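Reader: I should like to go through this structure with you by means of questions and reasoned answers. May we begin once the sequence and the structure are displayed?

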Amino acid sequence: MWYQIREYRDADYSAVRTIYTTGFREHVGTVYLLALKRPWIQGMLCGVCLLLHILSGSILTCILGVGGVILAIWMAVQYIFEQGIQLGLREDLLDIRNSYMQPGSRSCFWVVELKGSIVGTVGILPCVEEPGAWELKRISVKQEFRGRGLAKALCKTALEFVARHNVKRVVLFTSMVQTDAHNLYNSIGFEKEEEFV
Ligand SMILES: CC(C)(COP(=O)(O)OP(=O)(O)OC[C@H]1O[C@@H](n2cnc3c(N)ncnc32)[C@H](O)[C@@H]1OP(=O)(O)O)[C@@H](O)C(=O)NCCC(=O)NCCS
């Protein structure tokens, strides 16, 4: 498979933002199922069911009520995801050139180009949360091009870049549902330091 990893150009702007948005959004179903498995949510669903049964004496009302709450949870998870996506699009991805491609700065953004299309992205820049460390960000590969080593090649490019700039520590933030990404990060030598809910 022939592909090229190259630095970001302004013409890549929409493709990069779309890859980020679709990569982020694909985890919404997993987060929703995780939410439904949480004991307090299950307790609340039982409570709603019991309350409706006491008030109406009707099984149908219980089913409709619980169904309504489950639907509301789905909409809430989707809303939270959209907020997360919009946050990324308003932060570093709003002005990618300015965020990553300033001449002389120790930050950069790369894309993978395959048959003329952008199919993957990664960026690296100084970490806001941890001064002195650099953060790997926006790693994403289009679904149909996964499992071919593109993400690994992108990360390698970013890590070689920071090594050339004498950066000693690279961090990244990921979520518990991004299990493919965990395998990727483990395979290139990252170690989990902190976990928070
Ligand atoms: C995570 C992601 C970038 C991986 O992209 P990819 O191009 O498929 O990854 P690669 O082919 O380079 O695989 C690299 C390593 O990741 C792991 N990996 C990738 N996909 C995997 C999968 N579906 N199952 C298990 N391990 C997987 C493997 O360890 C693999 O190394 P190996 O082939 O030597 O075993 C991709 O799944 C993605 O874009 N996900 C959506 C966006 C996202 O979650 N980004 C992470 C933000 S923190």
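Reader: In which strand is the place of Arg138?

Author: The model is a predicted one. The side chain to look for is that of Arg138, which has a polar contact with the side chain of Asp92. The place of Arg138 is in strand E4.

Reader: Is Arg138 buried or exposed?

Author: Residues that touch Arg138 include Tyr20, Glu91, Asp92, Tyr100 and Phe109, not counting residues up to four places away in sequence. The relative accessible area of Arg138 is 18%. Since buried means under 20%, Arg138 is buried.

Reader: At what distance does a polar contact join the side chains of Arg138 and Asp92?

Author: Asp92 is among the residues that Arg138 touches, as are Gly88 and Leu93. The polar contact that joins the side chains of Arg138 and Asp92 is one of 2.6 Å.

Reader: How far apart are the C-alpha atoms of Ile19 and Arg138?

Author: Ile19 is found in helix H1, whereas Arg138 is in strand E4. Ile19 counts as buried, at 4% relative accessibility, and touches Thr121, Ser140 and Lys142, among others. Along the chain, Ile19 and Arg138 are 119 residues apart, while their C-alpha atoms are separated by 9.2 Å.

Reader: Why is the pair formed by the rings of Tyr20 and Phe24 edge-to-face?

Author: The count of aromatic pairs comes to 7. The ring centres of Tyr20 and Phe24 are 5.7 Å apart and planes over 60 degrees apart count as edge-to-face. The planes of these two rings are at 75°, so the pair is edge-to-face.

Reader: By about what part of helix H1 are Tyr20 and Phe24 separated?

Author: Tyr20 counts as buried at 7% relative accessibility, and Phe24 counts as partly exposed at 28%. The two residues are 4 residues apart in helix H1, so their separation is about one helical turn.

Reader: What are the distance between the ring centres and the angle between the ring planes for Tyr185 and Phe190?

Author: Tyr185 and Phe190 are both buried. Their pair is edge-to-face, with ring centres 6.0 Å apart and planes at 70°.

Reader: Which residues touch the most other members of the largest nonpolar core?

Author: This core has 39 residues. The elements that give two or more residues to this core include H1, H4, E2, E3 and E4, and its largest share, 7 residues, comes from H6. The residues that touch the most other members are Phe109, Trp110, Ile124 and Leu136.

Reader: Which residues form one aromatic cluster with Phe109?

Author: Phe109 is one of the residues that touch the most other members of the largest nonpolar core, and Arg138 touches both Phe109 and Tyr100. The partners of Phe109 in one aromatic cluster are Tyr8 and Tyr100.

Reader: How many residues make up the second, separate core?

Author: Leu136, which touches Ile124, Cys155, Ala158 and Phe190 among others, is a member of the largest core. The second core is separate and includes Ala35, Leu36, Leu45 and Phe81. The number of residues in this second core is 11.

Reader: Within what arc do the buried residues of H2 fall?

Author: In helix H2, which spans residues 28–37, the buried residues are Val28, Tyr32, Ala35 and Leu36. Seen down the axis of H2, they line one face of the helix, because they fall within an arc of 95°.

Reader: Which helices are included in what covers the buried residues of H2?

Author: His27 lies in the loop between H1 and H2, and counts as buried at 16% relative accessibility. Residues touched by His27 include Phe81 and Val177. What covers the buried residues of H2 includes helices H1, H3 and H4.

Reader: What is the value near which phi of Lys115 lies?

Author: Lys115 is found in the loop between E2 and E3, and counts as exposed at 78% relative accessibility. Its phi is positive in a residue other than glycine, with a value near 50°.

Reader: Which residues does the UniProt annotation "transmembrane region" cover?

Author: The annotation comes from an unreviewed UniProt entry. In the model, the annotated span is 94% helix and 0% strand, and its end C-alpha atoms lie 16 Å apart. The residues covered are 44–77.

Key: Residues numbered from 1 in each chain as written. Predicted model: local features only at pLDDT ≥ 70, side-chain atom pairs only at ≥ 80, totals over all residues. Heavy atoms only, no water. UniProt positions renumbered as here; feature names shortened; annotations may be inferred. Buried < 20%, exposed > 50% of the residue type's maximum accessible area, 1.4 Å probe, protein only. Arc of directions from axis to C-beta. Contact = heavy atoms within 4.5 Å. Core = buried A, V, L, I, M, F, W, Y, C linked by side-chain atoms within 4.5 Å. Polar contact = N/O pair within 3.5 Å; in protein donor to acceptor, adjacent residues only side chain to side chain. Phe/Tyr/Trp six-rings, centres within 6.5 Å; stacked < 30°, edge-to-face > 60°.
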